[in-house]
Amino acid sequence: MSIPVIAIYDIGKTNKKLILFDRQYQIVHEESRSFREITDDDGYPADDLIRVCQWIKKSYKDIKKRDDLDVQAVNVSAYGASLVHLDEKGAPATPLYNYLKPFPQELADQFYEAYGGREEFSRQTASPVLGMLNSGLQLYWLKYKKPEVFEKIKRTLHLPQFFSYVLHKKPFSEITSIGCHTGLWDFWNDRSHDWIYEEKLASLFPPMVSTYSYTTVSSRLRSIMCGVGIHDSSAALVPYLMGFRDPFMLISTGTWNITLNPFSQEPLTKEELKRDCLHYMDYRGNPVKASRAFLGKEHDYQVKRIAVHFQKSEDYHHKLKLDNKILLNLLRDNHGSSKKFYPQTMQGTGPMPDYVGPENDLSQFNSFEEAYHQLMLDIVGIQTTSLKLARGNSKPEKIFVSGGFCKNQLFLQLLASYYRDVDLYVANLDGASALGAALVMHRHWNRESSLDHLFEQFKLIRPTALAELNQYQLVSQ
């Protein structure tokens, strides 16, 4: 007997995955591909859109042929800040421009002068000034810098909706993609920003539908429900929003640690925008306050330094557990000392964008263990600063941590110890963004199955009782 499944394409910047979930949302099949980057028409690195599309079409065709699987629905989770422009035949009219591609300074000046200035525009659109990462401005760039290319564009799709379009051939716009620092959405008035109309760009975007929406595609003797796609950060929040009613925050960790607070009702201030706070949009169309910190990058940079100095492997820290004696000695002796790890890779980003501190002298430490405890004190210190920004005046009862730092016991215990009034949980949801993309289709393909079992696998982290910890700061905030 074949297993009823939903197929999810989880398209990350590095890895592209196909994940199949059964009706209990257990993963029954997973495959991952990576594709070598090509260059765009300016010679800048870009994802190979054509090869990714070929892989999606082939893998989708293959799973539909399998006798042991009954593919009933399909959806897409994909990274944001990226647009695909279609020509009159519905084919990509341009390369997939990289969101890290530099945005011309004079064009940025022209744009912000025309539309209220950087601070006011950022406040209205909840989008810090991020160049091409403000993906709506990519259309402005094409209009003024590549008019011959712009003339070919008949439709513009956000990346999650484009990969859904590859499966069902119908163009849609969707709120989580529009709401992720694109500069397209006026959060104060809950509608598209006026500049889209003044630049005559609004007609390029297809009609907006809800994240729950789907269209049916007939295949031989059966029909398959195809979702409209969802932005991956918003998708990762879906399981928590469906599972918990009480206020919570989610720290999604990795290269970037992004703290998400779906229960904040406060508009962003200019100071918060300057300190890398923004709003995402959840799958119901509600703003989600977020703060970003480049902590995975900073951690990896400093760990390499420590490993080289003490002649250990770079993964040696995986073996370490919190040592209260080491920690207490550092806390008592280290206030204002030169042992602190000031950020070296985060300038211009995160909660301390303007801060530049000296690189410490590792010969002050007696061991890898002592140096790593100091590093984690300072990493968690930055994390708590980012968390305070996202928290604002809201009062979450739980904090969930997902992603790479879930394996780091020092990080978890120190963070739990800073927030002794809130329960800190490690989330064990495999493939959270793919799961979120599947769950927004739940009511359509899997109404009879309960979701309760998904929310019974969270581990509570016990705090460490160190009174000195709450007085410790990397720098004055």
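This is a short talk about the cysteines, the cavities and one lysine in a predicted model.

Okay, hi everyone. Please keep in mind that what you see above is a predicted model.

Let's start with the cysteines. A disulfide is a covalent bond between the sulfur atoms of two cysteines. So how many disulfides does the count come to? Zero. Take C53. Its closest cysteine sulfur sits in C226, and that is 15 Å away, too far for a bond, because the cut-off is within 2.5 Å. C277 isn't in a disulfide either; for C277 the nearest cysteine sulfur belongs to C180, at 16 Å. And are these two buried or exposed? C53 has a relative accessibility of 10%, so C53 counts as buried. C277 comes out at 0%, so C277 counts as buried too.

Next, the cavities. If you search the whole structure for cavities of 30 Å³ or more, you find two.

The largest holds about 40 Å³ of space. Which helices each supply at least two residues of its lining? Those are α11, residues 295-310, and α13, residues 368-391. Of these, α13 deserves a look on your screens, since α13 gives the most to that lining, with four residues. If you want to click around, the residues lining the largest cavity include E298, Q302, F341, Y342 and D378. Sort the whole lining by class and you get six nonpolar residues, one polar and two charged.

Now the second largest cavity, with a volume of about 30 Å³. Its lining is made by K13, D47, Y79, S82, L96, Y97, N98 and Y99. By class, that's four nonpolar, two polar and two charged residues.

Last stop: K101. Where is K101 found? Look in the loop between β7, residues 83-86, and α2, residues 105-114. K101 has a relative accessible area of 7%, and anything under 20% counts as buried, so K101 is buried.

And what does the K101 side chain do in there? It makes a polar contact of 2.7 Å with the side chain of D40. There's also a polar contact between the side chains of K101 and D42, at 3.0 Å. If we skip the neighbours within four places in sequence, K101 is in contact with D40, D42, Y44, M132 and W141. So when you zoom in on K101, look for D40 and D42 in particular, as their side chains make those polar contacts.

That's my tour, thanks for listening!

How values were computed. Residues numbered from 1 in each chain as written. Predicted model: local features only at pLDDT ≥ 70, side-chain atom pairs only at ≥ 80, totals over all residues. Heavy atoms only, no water. Buried < 20%, exposed > 50% of the residue type's maximum accessible area, 1.4 Å probe, protein only. 1 Å grid on protein atoms, 1.4 Å probe; cavity = no way out; pocket = protein on both sides within 12 Å on 5 of 7 lines; lining within 4 Å. Points joined across faces, edges and corners; volume = space filled by probe spheres on them. Nonpolar A, V, L, I, M, F, W, Y, C, P; charged D, E, K, R; others polar. Polar contact = N/O pair within 3.5 Å; in protein donor to acceptor, adjacent residues only side chain to side chain. Contact = heavy atoms within 4.5 Å.
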